[in-house]
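Trainee: I should like to examine this structure with you and to ask, for each term, what justifies its use. May we begin with the bound ligands?

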Amino acid sequence: MKTYLVTGGAGFIGSNFIHYMFRKYNDTIRIINVDALTYAGNLENLKSVEDRENYTFIKADITDSAAIAEIFDQNDVDYVVHFAAESHVDRSIKSPEVFIKTNVLGTAVMLNCARAAWENADGSYQEGKKFLHVSTDEVYGSLDEDGGYFYETTPYAPHSPYSASKASSDMLVKAYVDTYRFPANITNCSNNYGPYQFPEKLIPLIINNALHGRKLPVYGDGKNVRDWLYVDDHAKGIDMVIEKGRLGETYNIGGHNEKQNIEIIHIILDTLLEMLPEGDERRKLISRDLITYVEDRKGHDRRYAIAPDKIKSEIGWEPETMFKDGIKKTIAWFFEHEDWMANVTSGDYQKYYDDMYQNK
Ligand code: NAD
Ligand code: DAU
């Protein structure tokens, strides 16, 4: 039975990955979820798996090398799937230091501890071990509106403190591969959406605000382009790279689904109106007049677009979920989990929202 050490498994993509893996492998794998439970980590995301005998949650900070070393000492970990990070660009612009600490130092700690646990005396590694570093397309910088894609060979050109910290963490992984022959893969994925996404990110924020008749903030001219991928397709890609990825390689993950932000907002409003039954009071709150153009994000990247040719040809990964279906599934999930949204938007969220949007 393989043991997966998942970091950041209580966050958006990590929790979806854990659900995906248990749906696929059921009792034939073991998952240890290590998460510090920052504002973005939520054990409610994992309620349905918490009683499984093959699942363990450990509250720990990835920058705490003693705590992480102890987890490796006490468990025979086969795969590390490293999601834990500070992930929101706007927060990184306001407070960069925690991004550098968690994303750079935290990754260094994970790499050191995995290496110490897996390396043999002669510098080779125990058979079958792998470190999968989950990264982002933002490390490649920004593309022109009229063309081009991010390939694995595209030079790194990060612009925000977030993407610079992720680029640094990628470089550390590459350095461990080159220096120590460390068994790792990196995946660089485009924007994810789906269940459990924290409503600081565009799609859940717009869904939540629209349902409450609140302003829908659009940064700049609303024409920045992101390449959206349903989160289960990302989880499937990570699983396939763990199984089939060549050691030391990087794989871009994305599904050629580019949309301008303003288009996304109109699609969400259309879909909400299509899905809410006649007579539902919330229909009266939903209006295009809520769309409010606000001050642009500093250093706002114009366009991201992934070329997924390598993962498709080498590994056979392709996205399965069309955006029109994924957005319906996402909205249906939010309708069924009103308590989840109410819980995560109580307390500190309101303070975050006021600080972030008051001058916009
Ligand atoms: P998220 O912010 O929803 O979750 C991050 C998780 O990491 C949380 O559970 C949090 O508690 C945990 N965490 C934060 N600091 C920690 C620390 N010091 N020690 C232990 N745990 C800590 O993030 P997400 O959107 O799920 O992203 C997960 C990963 O995927 C990140 O590495 C991110 O860079 C990458 N990624 C995200 C996207 C996207 O669209 N969201 C796309 C590509 C790549
Ligand atoms: O590309 C992958 C990245 O996608 C991940 O690495 C990041 O962790 C993830 O947060 C995401 O980054 P973005 O900055 O692209 O996502 P966000 O949802 O914050 O913003 C998407 C776009 O929408 C971006 O162009 C900014 C814009 N936006 C965002 C918010 C929150 C708005 O116009 N208004 C908003 O209120």
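Mentor: We may. A nitrogen atom of ligand 1 is placed 3.1 Å from a polar backbone atom of alanine 36. Please bear in mind that this is a predicted model.

Trainee: What makes the approach of a nitrogen atom of ligand 1 to alanine 36 a polar contact?

Mentor: The cut-off is 3.5 Å between N or O atoms. The distance to the backbone atom of alanine 36 is 3.1 Å, and the pair therefore qualifies.

Trainee: How do you know that the side chain of threonine 102 also makes a polar contact with ligand 1?

Mentor: A side-chain N or O atom of threonine 102 is 3.3 Å from a nitrogen atom of ligand 1. That value is within 3.5 Å, so the term applies here as well.

Trainee: Which distances link tyrosine 162 to ligand 1 and to ligand 2?

Mentor: A polar side-chain atom of tyrosine 162 lies 2.7 Å from an oxygen atom of ligand 1. For ligand 2, a polar side-chain atom of tyrosine 162 is 2.6 Å from an oxygen atom. Both values are within 3.5 Å, so both are polar contacts.

Trainee: Which other residues make polar contacts with ligand 2?

Mentor: Among them are serine 87, with a polar backbone atom 2.8 Å from a ligand oxygen, and tyrosine 357, with a polar side-chain atom 2.7 Å from a ligand oxygen.

Trainee: How much of ligand 2 does the protein bury?

Mentor: Alone, ligand 2 exposes 690 Å², of which the protein buries 95%. For ligand 1, the area exposed alone is 840 Å², and 96% of that is buried.

Trainee: What makes a residue part of the surroundings of ligand 1?

Mentor: One of its heavy atoms must lie within 4 Å of the ligand. There are 28 residues around ligand 1, and the nearest are Ile13, Asp35, Ser87, Tyr162 and Lys166. Around ligand 2 there are 23 residues, the closest being Thr136, Asp137, Tyr162, Arg297 and His300.

Trainee: Which classes of residue make up each shell?

Mentor: The shell of ligand 1 has 14 nonpolar, 11 polar and three charged residues. That of ligand 2 has nine nonpolar, eight polar and six charged residues.

Trainee: Which strand gives the largest share of the shell around ligand 1?

Mentor: Strand 5 does, with three residues. For ligand 2, strand 8 (residues 216–219) gives the most, also three residues.

Trainee: Why are strand 5 and strand 6 called paired?

Mentor: Pairing requires at least two bridges. Strand 5 (residues 130–136) and strand 6 (residues 184–189) share six bridges in the parallel sense, so they are paired. Within this pair, leucine 132 is opposite asparagine 185.

Trainee: What is the order of strands in the sheet, and which are its edges?

Mentor: The open sheet has seven strands in the order 3-2-1-4-5-6-11, with parallel pairing. Strand 3 (55–59) and strand 11 (250–253) are called edge strands because each pairs on one side only. From one strand to the next, the twist averages 20 degrees.

Methods
Residues are numbered from 1 along each chain as its sequence is written. Chains are lettered from A and ligands numbered from 1 in the order in which they are written. This is a predicted model: local features need pLDDT of at least 70, side-chain atom pairs count only at pLDDT 80 or more; totals for chains, interfaces and linings use all residues. Side-chain values use heavy atoms; hydrogens and water are left out. Helices (H or I, at least four residues) and strands (E, at least two) are DSSP runs, numbered from the N terminus. Axes are lines fitted to C-alpha atoms, for helices over the stretch in contact, and angles run from 0 to 180 degrees between N-to-C directions. A polar contact is a pair of N or O atoms within 3.5 Å; within protein, one must be able to donate a hydrogen and the other to accept it, and residues adjacent in sequence count only if both atoms are side-chain atoms. Accessible areas come from the Shrake-Rupley method with a 1.4 Å probe; for residues, only the protein chains shown count as cover. Ala, Val, Leu, Ile, Met, Phe, Trp, Tyr, Cys and Pro count as nonpolar, Asp, Glu, Lys and Arg as charged, and the others, Gly among them, as polar.
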